Amino acid sequence: MKNIINVALIGNPNVGKTSVFNALTGLNHKIGNYPGITVDKISGDAKLSNDVLAKVIDLPGTYSINASSLDEKIVLDLLFNPQHKEYPDVVVVVADIENLKRNLLLFTQIKELGIPSVLAINMADRMTEKGISLDVKQLEEKLNTKVVLISAKKKQGIEELKAAIIDFRNYSTEPSVNATAAASEFFGKLALTYPTEPIYKLWMIYSQDLEIGSINKSSIEEKGIQLSESEVKRLQQKKTIKRYQFINDLLKEVYKKDIKAATDLLSKADRILTHKVWGYVIFFAIMLLVFQAIFTWSSIPMDWIDGLFGSLSTWIHEVMEPGKLTELIADGIIPGIGGIMPFIPQIAILFMFIAILEETGYMSRVVFLMDRLMRPFGLSGKSVVPLISGNACAIPAIMSARNIENPKERLLTILVTPFTTCSARIPVYIILIALVIPDTKLFGVIGLQGLTLTLFYLLGFLAALVGAWILKFFIRSEKKSYFVIEMPNYRMPIFKNVVSTMYEKTKAFVIGAGKIIFFLSIIIWFLGAHGPGEKYENAEEIVTEQYKGQSVSEKELEDHIAGYKLENSYIGIIGKSIEPVIKPLGYDWKIGIAVISSFVAREVFVGTLATIYNVGSSGEEDEDGTIKQRMSAEVWPDTKEKVFTLASGLSLMVFYAFAMQCTSTVAITRRETKSWKWTIFQLTFMTAFAYLAAMLTFQFLK
């Protein structure tokens, strides 16, 4: 029978904790290098030896166990509850060889809880190039623990770490530094009253207002042991100072670093990339390069996928018997899904670039750089993590706001994050830009279409900042915040991680969007292929009579009949009823239906139009077979002017830049804020603002 032990991985953000987790368990979880990427605990099984298995829990990155954010509370909930099924038999504190001073603060706190602990110092492969030397034996003696040098990236020291975990029962649980000596009278009373409990754990219960079993702050005060709030804060400061005094003295003896290493090329690069002027210029240039690549690199695969679905729809008509099932598949499902699939190459390219920026360590520089920009708007540098993550999806982005300690900054970040341009908007932007923005280059270098996409990304980011600035006057918080961030070393992107991220994110997009579009395509097709009353049923006779004696071809007559039936179908009736509301924005009823249906998910917009236009055509194969060609050919029935012009196209893009067109985002906002008031306010404000901005855009440009 194999022994099973619980192992908790704990460490500051950016120490490579998740890499250690992957090395132990063999799993392939996403590795990020900016704070807050792990917002919940992840677990996996590790085989430590032939007869020992471990359940490894990867806890959120934290700088201390003085919980000030939601992800730090996850750590506390586990470490202070021995009855928890995942309560660790041993804690592995992961540290970074270049940031030991800060990392050891957390280690001394964990050690004082009385849990067997191992200190795993990661990135040890960089010691030589950075001029670092470490006396491991003396460090073990001073910390009263087991120390293992590892490199999770190069899989060095992992077997030694496994052996150290197995041997956890032989490690001392005595603290490395007795910080309780900072107030001997108070802690002396605690020791006498609760002789079987670790003093530091009792202190945490009291100072953090926790409850472990029958012990809580109130029960301690009932026994005459009490401190004022100011005394608690003063004592916390004294304890932290005492820890750092111990750590400083320790590192003077065991840790040496060649100062010349700080003057290398990468350090000089940091001064440029985080410069108060050049830093922003470089960031804008990188984003412009990314979006230009999205247009340029994806054009060939996009055209191929688009043509493939057009041919597939025609082939279905040819091989299947005429009837409702054939029409559902060929005119409903295939055009609906085919409307979104051509954008897969562009989405994959976007995720690839995001993964590369994360892997290289540049994203942390962006977070640091943006802190200067965020402060006047009521946000902090940590708010950049959700705002940048929102370029992929607003849902995990809003969840990543958990690591923002200040309640006001956290709420502001949640409320404005949906303004950032998520990947679901890409299909809308791409097809509209391709329709209304000419494919020309400024100065022969900068593509106008790529520049437009970049500007809309910046527009979303600017809207988030302005929204935060307005809201900060209505949301109050007395708590001050402090911005702390790791600056990880630059590194070459790991090809496997980049490909894995690109694949997983793209797959999630395709599956998520595909399921929604599949069902909506069926509904849209049904509503467009059926209608009430004689106008729909007798459409052929009515239209034929209208054009009797006129010189129209058979093909044109069939198109008129199909268009008349669509207008008098269920979806046509719904669309016509809302057209007066959306016409000031430059939208016809078909666009209105697509906008409403895209509230389920933004990317549904293109698929819905593809289905509507396909149902509204004669079904014959012609030059207007693709969704882009059908949109380009769409005209207003009374004026015969094009529906999609520069004015209406930009109006639509502005609307999608500001509107929160996603029910999942509404749900996650409610979950994270635990408030319907702020959720409804967010939805109402963004929708009203999007409508007004889109209307002004169209009226100004038309």
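A search of the whole structure, which is a predicted model, finds three cavities of 30 Å³ or more. The largest cavity has a volume of about 40 Å³. Its lining is formed by Leu415, Val416, Phe419, Gly467, Leu471, Phe681, Gln682, Phe685 and Met686. By class, seven residues of this lining are nonpolar and two are polar, while none is charged.

The lining can also be read by secondary structure. Three helices each give two or more residues to the largest cavity: H17 (407-416), H19 (448-471) and H30 (676-701). Of the elements involved, H30 gives the most, with four residues.

Two of these helices, H17 and H30, also pack against each other, at an angle of about 40° and with their axes 10 Å apart. An angle of 65 to 115 degrees would count as roughly perpendicular and one under 35 degrees as roughly parallel; H17 and H30 are therefore oblique to each other. The crossing of H17 past H30 is right-handed. On the H17 side the contact involves Leu411, Ile414 and Leu415, and these meet Trp678, Gln682 and Met686 of H30. The contact of H17 with H30 comprises five nonpolar residues and one polar residue, with no charged residue. Leu415, Gln682 and Met686 belong to this contact and also line the largest cavity.

A second helix pair lies earlier in the sequence. Helix H3 (residues 100-111) packs with helix H9 (residues 229-254) at an angle of about 125°, and the two axes are 10 Å apart. That angle makes H3 oblique to H9. The crossing of H3 and H9 is right-handed. From H3, the contact draws on Leu100, Lys101, Arg102, Leu104, Leu105, Thr108 and Gln109. From H9, it draws on Thr240, Arg243, Tyr244, Phe246, Ile247, Asn248, Leu250 and Leu251. Sorted by class, the residues between H3 and H9 are eight nonpolar, four polar and three charged. Among the charged residues are Lys101 and Arg102 of H3 and Arg243 of H9.

A further pair is formed by helix H1 (residues 17-25) and helix H5 (residues 158-166), which pack at an angle of about 80° with their axes 11 Å apart. This angle makes H1 roughly perpendicular to H5. Val20, Ala23 and Leu24 of H1 make the contact with Ile158, Leu161, Lys162 and Ile165 of H5. Six residues in the contact of H1 with H5 are nonpolar and one is charged, with no polar residue. The charged residue is Lys162 of H5.

Note on methods
Residues are numbered from 1 along each chain as its sequence is written. This is a predicted model: local features need pLDDT of at least 70, side-chain atom pairs count only at pLDDT 80 or more; totals for chains, interfaces and linings use all residues. Side-chain values use heavy atoms; hydrogens and water are left out. Axes are lines fitted to C-alpha atoms, for helices over the stretch in contact, and angles run from 0 to 180 degrees between N-to-C directions. Angles under 35 degrees count as roughly parallel, over 145 as roughly antiparallel, 65 to 115 as roughly perpendicular and the rest as oblique. A crossing is left-handed if the near helix is turned anticlockwise from the far one by less than a right angle, and right-handed if clockwise. Contact means heavy atoms within 4.5 Å. On a 1 Å grid over the protein atoms alone, a cavity is a set of points where a 1.4 Å probe fits but cannot get out, and a pocket is an open set with protein on both sides within 12 Å along at least five of seven lines; lining residues have an atom within 4 Å of a point. Grid points are joined across faces, edges and corners, and a volume is the space filled by probe spheres set on the points.
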